[in-house]
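Biologist: Could you take a close look at one part with me? I would like to hear about the cysteines, and then about the enclosed spaces.

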Amino acid sequence: MSNIAKAFENGKAFIPFITCGDPDLETTAAAVREMVKNGADLIELGIPFSDPTAEGPVIQGANIRALKGGVKTDKVFGLVRELRTDVTVPMVFMTYANVVFSYGAEKFISTCAEIGIDGLILPDIPFEEKEEFLPLCKKYGVDLISLIAPTSENRIGMIAKEADGFIYLVSSLGVTGERSEIKTDLSSIVKIIRDNTNVPCAIGFGISTPEQAKSMADISDGAIVGSAIVKLLEQHGTAAPKYIGEYVKKMKDAIK
Amino acid sequence: MTNQNGRFGIHGGQYIPETLMNAVIELEQAYNFYKNDPEFNRELTELLNDYAGRPSRLYYAEKMTKDLGGAKIYLKREDLNHTGAHKINNVLGQALLAKKMGKTRLIAETGAGQHGVATATAAALMGMECVVFMGEEDTKRQALNVYRMRLLGAEVIPVTSGTATLKDAVSEAMREWTKRISDTHYCLGSVMGPHPFPTIVRDFQAVISKEIKEQMLEKEGRLPDAVIACVGGGSNAIGSFYNFIEDKEVRLIGCEAAGRGIDTFETAATISTGKLGIFHGMKSYFCQDEDGQIAPVYSISAGLDYPGVGPEHAHLYDIGRAEYVAITDDEAVNAFEYLSRTEGIIPAIESSHALAHAIKLAPTLSSDKIIVVTVSGRGDKDCAAIARYRGEDIHE
């Protein structure tokens, strides 16, 4: 069974996202430890990409800051090695296909397995293109996470049936970033997912408040939050981990 | 040449967010239906002929030929089309298709502004809403085209992310499409992006090589020895090449923008300096660093200032069917001035890259050889920038 399943054993999962190296890797490490201490069930680590087409302005900004700070793929692997000396919660990478492809897919994915990365989220790899990396993910035991969107409609069952780890349900149209309201009829999408798989399903995109997290977690297995955390880094820089810890606690308490 | 997943050899594909998958599937189904629909084709041909001014002329550049003293040079005058470039061929096709699909809003990216102007034009004609994304850097380089688009009723959104050029305009248009799909068609301007765009755009641009072939047979009774076109994403080049791909005796030559030189970082010559990657929905060659970060490319030409190349070009390169050469800013500017003086035709700075290669190639060939150069657009938009390049203080 996938190590990711552990993330869903403590009630509803709270899944925070952070861009590695924003503003530096020491801050990322401190922030991850604060997240874990305050109840995060699974950590989504973003490897920065120059042109993150699925991201809104907040996470785009984090990518730029991280790359300006000199983050390289190898340094992110180093960060994970260091974190794994004491961090045991499941961790996944969120990045773009070209970061994996250019590193050499086999070298990238085998390194993930070796350092304790449990899954890969690649927003520019839809169902039709998953053969690009899936055989290697299977070979090394790294889950390639499937995304389902409000526009997936007739594709939901097909995607859910073959999903590994957990399903990332995109809450609404558009790119990442906070939204005042999420209007998509997500319960009916979750129902189709449930009819097709036992793999847990967490909802992300646009969630920033405890109330939103609770209502999303109520209808699924967990809530994913990115931009709201990245905003704290934008505001507080290297002093952000403390604020991130407080925020994660508030969010996890809300969905428990 | 494409298979089910829109592959050209190993290139192409559909590397896009799940949110857009049903939109591209719907587009593919609609296109597969309408491309064989006689009514659609009748309407499109009428638009191309009566509105855009097709067929475009194949002009024998006699003075240029004599001056260079080698192969006979013909110019395919896409600059004479309505809106001044080949971009209108694709846009009329896509706008008509979008309308048939029930879409009421067109979004587009633009580099030099030619595709943006063409999209704004088609939107005005067909009564559709239009939003154009343009890198902020390019809105400065091509201020007149920004005004033109606004005059045509389009909203122009300057893009400040990344390098604020064409690649960022594409990223922003993709982001906008994921926000609003039901009433919106993304009118992609080149033979790039996810399947089916490289195929759709190529088919709509293939009219260029269809006409070259007919016109050449009529004028010379034979096929040309070489066809030369500039390549950014590669739409005018694939349009110029497509109907000659099976005619192996016709050399197909794409001219990329070398910027300040392919041995510098200030270049946009993807095939000369890039490597295989996955970006903007496709697998192809991209200018990138060793970590897969997309490189900030440079060219004097806003229309060629793109870090990737269409997947069909990448494939034609792989199999050796087409050649790709790199042309520097200096060479392109010289060709811009040369054609203006020699033939009284002011070419776009993009097209000047193709002309620069023709100027090099023609004297090396004997006088019984024929080369066709596609003049993809007219150069009015570039005059101020070229004047500044030559040290004159002219602003639009």
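Is B:Cys383 buried, partly exposed or exposed?

Modeller: Happy to! Please keep in mind that this is a predicted model. B:Cys383 is partly exposed, as its relative accessible area comes to 35%. B:Cys230, by contrast, is buried, with a value of 3%. Now for the bonding. Searching the whole structure, over all chains, turns up zero disulfides. B:Cys230 has the sulfur of B:Cys255 as its nearest cysteine sulfur, 7.6 Å away, and takes part in no disulfide. For B:Cys383, also in no disulfide, the nearest cysteine sulfur belongs to B:Cys230, at 17 Å. A pair has to lie within 2.5 Å to count, so neither distance qualifies.

On to the enclosed spaces. There are nine cavities of 30 Å³ or more, and the largest holds about 330 Å³. Its lining is made up of 29 residues, and B:His86, B:Lys87, B:Ser235, B:Gly303 and B:Glu350 are the closest to its centre. In chain B, strand E5 (105-110) and helices H5 (114-126), H8 (166-179) and H11 (235-241) each give two or more residues to this lining. By class, the lining of the largest cavity has 16 polar, nine nonpolar and four charged residues.

The second largest cavity has a volume of about 220 Å³. Among its 22 lining residues, A:Glu55, A:Ile59, A:Tyr168, A:Thr176 and A:Phe205 are the closest to the centre. In chain A, strand E9 (222-225) and helix H10 (227-236) each supply at least two lining residues. Here the classes come to 13 nonpolar, six polar and three charged residues.

Key. Residues are numbered from 1 along each chain as its sequence is written. Chains are lettered from A and ligands numbered from 1 in the order in which they are written. This is a predicted model: local features need pLDDT of at least 70, side-chain atom pairs count only at pLDDT 80 or more; totals for chains, interfaces and linings use all residues. Side-chain values use heavy atoms; hydrogens and water are left out. On a 1 Å grid over the protein atoms alone, a cavity is a set of points where a 1.4 Å probe fits but cannot get out, and a pocket is an open set with protein on both sides within 12 Å along at least five of seven lines; lining residues have an atom within 4 Å of a point. Grid points are joined across faces, edges and corners, and a volume is the space filled by probe spheres set on the points. Helices (H or I, at least four residues) and strands (E, at least two) are DSSP runs, numbered from the N terminus. Ala, Val, Leu, Ile, Met, Phe, Trp, Tyr, Cys and Pro count as nonpolar, Asp, Glu, Lys and Arg as charged, and the others, Gly among them, as polar. Buried means under 20% relative accessible area, exposed over 50%, partly exposed in between (1.4 Å probe, protein chains only).
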